[in-house]
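Please open the model in a viewer and keep the sequence panel visible. The tour below proceeds by selection, and each stop states what is to be found there.

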Amino acid sequence: MLPAVLKLCCGITYPHSRSMAGLQRTAIAVIGAGTPAELQRTGQAGLSCWWPRGMSSPWKPAGSETCQRGERRMSLKEEEVTLVEQGQEALKKALAILEDKKGWKTEISEENGVIVYSKVLPGAKKVFRLEAELEASPEKLHDILFVKVEEMNVWNPNIRRIKILRRINAETMVTHEVSAETAGNLIGQRDFLSIRHCSQVDSRIYLAGTATHLDSLPPQSGFVRAEDGPTCIILQATDSDTGRSRLTWLLNMDVKGWLPKSIVNQALPRAQVDFTRHLRQRLAEASAPRWVHQRSGNTGLGDVGCFGAADRIGAAT
């Protein structure tokens, strides 16, 4: 009975409604559509699209948009927590491999003191451990390998580019790396999507990494998406000289593709030796007198920052 009466009133007042504006027309339109009970029963949820701006629709719970934004923020926060946990877990697993002293065999021994060992893990996966001493403090190496990770392609010709996609916090970030097309590269060009996590315990700095996944960056056309991890670099000052560091690097990589294991196991330790050679060259350039930089054209290789700068710290595999 009530709906019929309301609709009849709506018809009687129609001539006057043409002179009404704003909320008056809206109110009559609502009456003509039916009562709130009818709207709920018939499911006419679309009315909120024309409800006047600035007013809460009676059929849309107040604060629902705020709730949705809060849910998105919560989802983003949960994702970041997951990424941090991935980095921490990678460090734990990498250290467990390094601390197990059984099964390591010498692969390469260089005259400059660089030694690469190998070990076969359960499942027939081979990992490599490089040991070397470098003319730099752990903090300086951290700056080059972590803080300035996007500049690594400047001094390492085997890297085409590294881009920081997300900085989660002071110790964790997500990077996308593309290897360079260089002569003699047995593995070929690859790209990597990785979590890079940094941690410092006493005098040691740990740089851990592992492969991750982002919906926003699926495998790229033209590249084979390889996977790192768990991997780790340990930086520690030598006992004899605080200006020198011992570098221990666990390389644990699945290059994917259809390459024979024999080729991969030959290329990976050699890549570690090449990386260390380029790193030494970078350190030598950084410590050379300023006039040497000016003559050679290598500018911008001055002093590096200290470990712990929250706005510049990152992590690298």
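Two strands are said to pair if DSSP finds at least two bridges between them. In this predicted model, strand β10 (residues 231–237) and strand β11 meet that condition, being antiparallel partners over six bridges.

**The whole chain**

Begin with a cartoon view of the entire chain. It has nine helices and twelve strands. Of its 317 residues, 40% count as buried. Among contacts in the chain with a separation of 6 or more, 58% are accounted for by residues 24 or more positions apart.

**Strand β11 and its partners**

Select residues 245–251, which make up strand β11. Is this strand mostly covered or mostly open? Strand β11 is mostly covered, with six of its seven residues buried. Add residues 125–134 to the selection; this is strand β3, which pairs with β11 in the antiparallel sense over seven bridges. Within the selection, Phe128 stands opposite Leu251 of β11. Then add residues 231–237, strand β10, the antiparallel partner of β11 over six bridges. Here the bridge partner of Cys232 is Leu250 in β11.

**The two cysteines**

Keep Cys232 selected and add Cys198. Which cysteine sulfur is closest to that of Cys232? The closest one is in Cys198, at 10.0 Å. A disulfide requires sulfur atoms within 2.5 Å, so this pair is too far apart for a bond. The count of disulfides by this rule is zero. Both residues lie under the 20% limit for burial: Cys198 is buried with a relative accessible area of 2%, and Cys232 is buried with 0% relative accessibility.

**The largest nonpolar core**

Next, display side chains and select Leu145, Met152, Leu207, Leu247, Leu268 and Leu279. These residues touch the most other members of the largest nonpolar core, a group of 39 residues. Helix α8 (residues 261–287) contributes the largest share of this core, seven residues. In soluble globular proteins, nonpolar side chains tend to be buried together.

Centre the view on Leu279. Leaving out residues up to four places away in sequence, Leu279 touches Leu134, Leu141, Ile144, Leu145, Trp155 and Leu247.

Move next to Met152, which belongs to helix α7 (residues 152–155). Met152 counts as buried because its relative accessibility is 5%, under the limit of 20%. Beyond its neighbours within four places in sequence, Met152 is in contact with Leu145, Ile159, Ile162 and Phe275. Draw a distance between the C-alpha atoms of Met152 and Leu279: the viewer should show 9.3 Å, although 127 residues separate the two along the chain.

**Aromatic residues and a charge over a ring**

Select Trp155, Trp249 and Phe275, which form one aromatic cluster. The structure holds two aromatic pairs. Then turn to Trp104 and Arg129. What sits over the ring of Trp104? The charged end of Arg129 is placed there, 4.7 Å from the centre of the ring.

**Backbone stops in the loops**

The final selections concern backbone angles. Most residues other than glycine have a negative phi, and most peptide bonds are trans.

Select Gly229 and Pro230. The peptide bond from Gly229 to Pro230 is cis, with omega near -5°. Pro230 is located in the loop between β9 (227–228) and β10.

Select Asp202, in the loop that lies between β6 (190–201) and β7 (204–211). Asp202 is not a glycine, yet its phi is positive, near 55°. Is Asp202 buried or exposed? Asp202 counts as exposed, since its relative accessibility is 72% and the limit for that class is over 50%.

Finish at Lys256, in the loop between β12 (253–254) and α8. Lys256, also not a glycine, has a positive phi of about 60°. With 32% relative accessibility, Lys256 counts as partly exposed.

Terms used
Residues are numbered from 1 along each chain as its sequence is written. This is a predicted model: local features need pLDDT of at least 70, side-chain atom pairs count only at pLDDT 80 or more; totals for chains, interfaces and linings use all residues. Side-chain values use heavy atoms; hydrogens and water are left out. A nonpolar core is a set of buried Ala, Val, Leu, Ile, Met, Phe, Trp, Tyr and Cys residues joined through side-chain atoms within 4.5 Å. Buried means under 20% relative accessible area, exposed over 50%, partly exposed in between (1.4 Å probe, protein chains only). Helices (H or I, at least four residues) and strands (E, at least two) are DSSP runs, numbered from the N terminus. Contact means heavy atoms within 4.5 Å. Rings of Phe, Tyr and Trp (its six-membered ring) pair if their centres lie within 6.5 Å; planes under 30 degrees apart count as stacked, over 60 as edge-to-face and the rest as tilted. A charge sits over a ring if NZ of Lys or CZ of Arg is within 6 Å of the ring centre and within 35 degrees of the ring normal.
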